[in-house]
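I sat down with this model and kept a short notebook of what I looked up. Here are the entries, in the order I made them.

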Amino acid sequence: MFRLRTVGAFSWRMFQFRPFSCEPLIIQLNKCIDEEQIFDLIERNKATLSEKQVECAFYNLWQLQKQKTSLLKNVACVKDHPQFLTLHNLTTNKIKLMNDDTLVNVLYITQQFAVEAHDPLIQALVTEAWKRMERFDIKVLSTFSTCLADQHLYFSPLMGKIANIVNRNLETIQDLRSLSVLMVSISSLISQHFQEQLLNKTEILFDNLSSSEVDIAKRIVQFLKNVKYRYYPLLERCNKVFLNNMNHLDLDSISKILGWYHFLQFHSFEFMIVAKKKLTQMIPLFDHPASFVKLFVALGPVAEPEEKKQIASVLHKHLDNYKPIELLKITQSLIFLHFQSKEFFVKLRKLLLSHLKVSVRPSEISILVCAISMLPSPHLDESAISRIEAVLPQCDLNDLNDFATSVLRWIQYDHTHMSSITGKQLKLLRKLDHYGHQRLQQSNNLDQLWEELKSLKADWFRESLVEETIAALQRLMDGINYINVAGIASFISRTNYLSTLLLDRIASVVIEQIEKIHPFSIFAVILPYSILNYDPPQRNEFFGTCMQCLHSHLGTLDPLMLVFLGFSLATLEYFPEDLLKTIFNIKFLARLDSQLEILPSSLRTRVQFRLMELNRAVCLECPELQIPWFHDRFCQQQYNKDIGSMNGAQLQISKMLAEVLGGINCVKTSLLSPYYHTIEFECILDKRKKPIPYGSHNITLGKLPGMYWESNIQIVGSSLPPGAERIAFEFLDSKAFCRNIPHIKGKSAMKKRHLEILGYRVIQIPHFEWNSMALSQKDARLDYLRERIFGIGKS
């Protein structure tokens with residue numbers, strides 16, 4: 001009896017002196033409205049805090065931070081609080097007792113408070129999580145992957161193990177939120193096959209996704225950016241989510257989405273319209289440096305003049321606070337906006353050079369050098385050149401290309417302003433050439449090579465590395481497949497290099513794997529054939545397969561893309577009726593007009609020209625379609641000003657034509673044909689092959705029906721004496737030919753075709769013939785012209 005009473009008394013004493021029970025303390029923590037209240041509870045209960053209470057304390061501290069704006073967040077103050085250290089130390093002793101969810105949540109929140117990765121608590125939490133990883137559910141695993149990503153452990157064995165777990169369990173995963181987090185985290189480690197599986201699974205789970213799930217859509221687009229894959233089906237679906245939730249997108253989200261779209265070359269007219277409107281409304285709201293640079297870079301290229309002036313004026317006072325990548329974006333935007341301020345650029349240059357002096361990473365040095373090269377005075381000193389040379393062996397093709405582009409800008413500036421090119425510039429270019437060739441020659445994997453090639457566009461690459469690059473692609477062309485075929489085709493278009501081996505391989509891949517190729521990719525696939533004027537052996541099957549892929553999407557594809565596609569096919573003499581009737585439709589043209597309103601002027605003009613050229617091609621080559629010509633006014637506006645001045649070779653040809661034909665009155669220069677093809681020189685021969693002088697009573701100049709236009713530029717008509725022929729001459733410079741062989745490109749071939757339809761005999765004079773050693777003397781050139789015109793040699 002005594003023993004029972006004693007035990008009971010002991011239990012009662014223990015009960016009396018225990019602090020609040022688990023549930024009341026958690027409730028109190030949840031009711032706290034500031035950090036001091038939480039820290040007060042920690043201090044009073046530190047002796048008996050359980051692992052669940054530790055998690056609750058961390059959770060509520062982080063929730064209070066999340067509720068604050070970026071200006072009001074005080075992560076550093078919370079981290080330095082004495083009771084945060086108490087919580088930190090208590091956590092270390094509770095790790096083994098934590099369940100999986102608590103363990104990973106505490107790790108995540110601890111990292112959000114900027115506790116360093118080498119901190120013993122972080123290391124202990126990560127180590128314990130590693131031991132338990134195989135039993136984690138998908139949500140816990142995704143959070144853990146984010147923790148590793150925050151530590152930049154993208155290539156660690158831990159992340160590799162996570163990728164393996166996801167791969168083994170992919171079929172059973174039904175939570176797209178967690179899967180999208182994992183996809184972003186493991187994107188650096190996955191194979192192409194695993195990537196396809198992830199995308200297929202994402203598409204299946206997307207069917208059940210709420211239209212309000214912006215964060216999931218953002219992570220999917222980020223994943224596509226990370227793996228550098230412009231996968232249109234998911235991009236379109238994510239874009240719809242963004243459009244449906246535009247009111248809930250903040251500056252950070254809009255800035256990221258625009259950046260991802262730009263990287264992936266995914267163009268959404270609708271998103272651009274609403275993003276511009278929302279960003280414009282944000283201008284008065286953001287004066288914080290980090291936020292404002294996002295606003296400036298995102299809005300600058302599409303802003304109105306007054307808005308550009310307004311946002312540019314804020315930058316100066318915040319310039320010291322920006323990182324190298326932000327300084328590059330600012331520089332690019334300022335140059336694009338034609339911003340003029342000597343004081344601003346001097347300060348910007350000084351900042352960039354100060355960063356360059358201490359930078360050691362190739363990518364960052366490349367960014368800084370690129371930004372400096374864009375400034376009004378791009379000169380680099382010896383120390384900057386030495387820093388570039390030191391990192392060259394570590395550079396990939398992208399870095400080498402960026403450095404070369406910057407050096408060429410520097411050379412151009414020195415040549416223009418100082419009339420000299422220093423040896424150190426040329427020496428640096430030679431080193432860049434050496435490392436570029438070396439990297440290409442050592443390439444043995446197409447996927448790895450393509451990662452470095454896909455964004456290369458600069459002059460240095462085209463002049464120095466294009467042959468070696470084509471050779472590498474030909475060597476590895478068995479690796480071309482439905483994933484990379486559109487990108488490689490687009491890349492070939494930019495090189496102007498005709499490789500029939502590569503183009504035949506691309507055509508075969510498209511025909512064999514068309515069911516896996518998205519309609520948005522068809523334009524990129526067709527482009528090199530159009531530009532380079534090349535028909536693959538299976539021409540009809542190839543183009544037919546491409547159009548079959550497009551057929552059911554003609555009503556939804558981007559108007560700009562359809563115009564460019566229609567023109568590209570027209571250069572190849574391929575005129576699919578359904579595509580043309582889609583384009584030459586009042587509703588389509590109204591959509592196109594509304595889209596043109598927000599495009600930069602250069603792109604807008606380019607689209608208008610392509611539509612005109614397509615309209616001209618259809619009228620001339622497919623009159624049976626009865627599509628009207630409606631570009632008179634546009635052409636009059638473009639050509640009434642000037643159709644261009646003649647270069648040295650054209651002036652030579654003009655004088656010699658006059659000599660061969662018997663006088664200047666037998667040659668006309670700078671004319672326009674019906675449908676507005678420019679004609680450099682023209683002459684008319686009668687039925688006996690004798691030149692007819694202009695101004696003769698039997699020669700008239702005409703106009704197309706409906707042409708009411710006063711201009712000093714003559715429109716050539718078709719009224720000629722019986723048996724006479726009109727001859728059009730065109731001098732073809734190097735731009736009219738493929739860079740590796742004297743094969744005429746698509747636009748020049750189409751122009752010749754059109755002029756012949758209009759009744760001309762067309763004489764094209766290639767630059768490599770006119771400037772050859774065989775025609776180095778005047779008499780030889782005169783004989784050359786006589787041969788081309790009359791079919792005879794020496795007079």
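The entries below go through cysteines, a pocket, a helix and salt bridges in this predicted model.

**Entry 1: cysteines**

I began with a search of the whole structure for disulfides, and it returned 0. Then I looked up two cysteines by name. C238 has 0% relative accessibility, so I noted C238 as buried. C635 also went down as buried, because its relative accessibility is 0%.

**Entry 2: the second largest pocket**

Next I turned to open space. I asked how much space lies in the second largest pocket, and the value is about 930 Å³. The lining is made of 30 residues, and T678, E680, E730, K747 and K751 are the closest to the pocket centre. I then checked which elements give two or more residues to this lining: they are the helices α34 (601–621) and α37 (746–757), with the strands β1 (668–672), β2 (678–685) and β3 (725–732). Helix α34 has the largest share, with 5 residues. I also sorted the lining by class, and wrote down 11 nonpolar, 8 polar and 11 charged residues.

**Entry 3: helix α29**

Is helix α29 enclosed by the rest of the structure or open? I found that 10 of its 11 residues (522–532) are buried, so the helix is largely enclosed. My list of the buried ones reads I522, F523, A524, V525, I526, L527, P528, Y529, S530 and L532. I wanted to know what covers them, and the cover includes α27 (485–495), α28 (500–513), α30 (539–550), α31 (559–571) and α37. Helix α37 is a familiar name here, since it also gives residues to the pocket lining in Entry 2. Just after α29 comes N533, and I noted that its phi is positive, near 60°.

**Entry 4: salt bridges**

How many salt bridges are there by the rule used? The count comes to 32. I followed three pairs and one network.

The first pair I opened was E116 with K79, where the closest N and O atoms are 3.2 Å apart. This pair links distant parts of the chain: E116 sits in the loop between α7 (100–112) and α8 (120–132), while K79 belongs to helix α5 (residues 75–79), and 37 residues separate them. E116 is partly exposed at 36% relative accessibility, and K79 is partly exposed at 25%.

I moved on to E382 and K424, whose side chains meet in a salt bridge at 3.5 Å, N to O. E382 is in helix α22 (residues 382–391) and K424 in helix α24 (residues 423–441), so this bridge ties together parts that are 42 residues apart in sequence. For exposure, I have E382 as partly exposed with a relative accessible area of 48%, and K424 as partly exposed with 26%.

The third pair is E659 and K778, a salt bridge of 3.2 Å, N to O. Here too distant parts of the chain are linked, with E659 in helix α36 (residues 648–661), K778 in helix α39 (residues 778–790), and the two positions 119 residues apart. E659 comes out as partly exposed at 43% relative accessibility. K778 is partly exposed as well, at 44%.

My last note is on a network: salt bridges link K96, D100, E128, R132 and R135.

Technical notes: Residues numbered from 1 in each chain as written. Predicted model: local features only at pLDDT ≥ 70, side-chain atom pairs only at ≥ 80, totals over all residues. Heavy atoms only, no water. Disulfide = S-S within 2.5 Å. Buried < 20%, exposed > 50% of the residue type's maximum accessible area, 1.4 Å probe, protein only. 1 Å grid on protein atoms, 1.4 Å probe; cavity = no way out; pocket = protein on both sides within 12 Å on 5 of 7 lines; lining within 4 Å. Points joined across faces, edges and corners; volume = space filled by probe spheres on them. Helix = DSSP H or I, 4+ residues; strand = E, 2+ residues; numbered from the N terminus. Nonpolar A, V, L, I, M, F, W, Y, C, P; charged D, E, K, R; others polar. Contact = heavy atoms within 4.5 Å. Salt bridge = Lys/Arg side-chain N within 4 Å of Asp/Glu carboxyl O.
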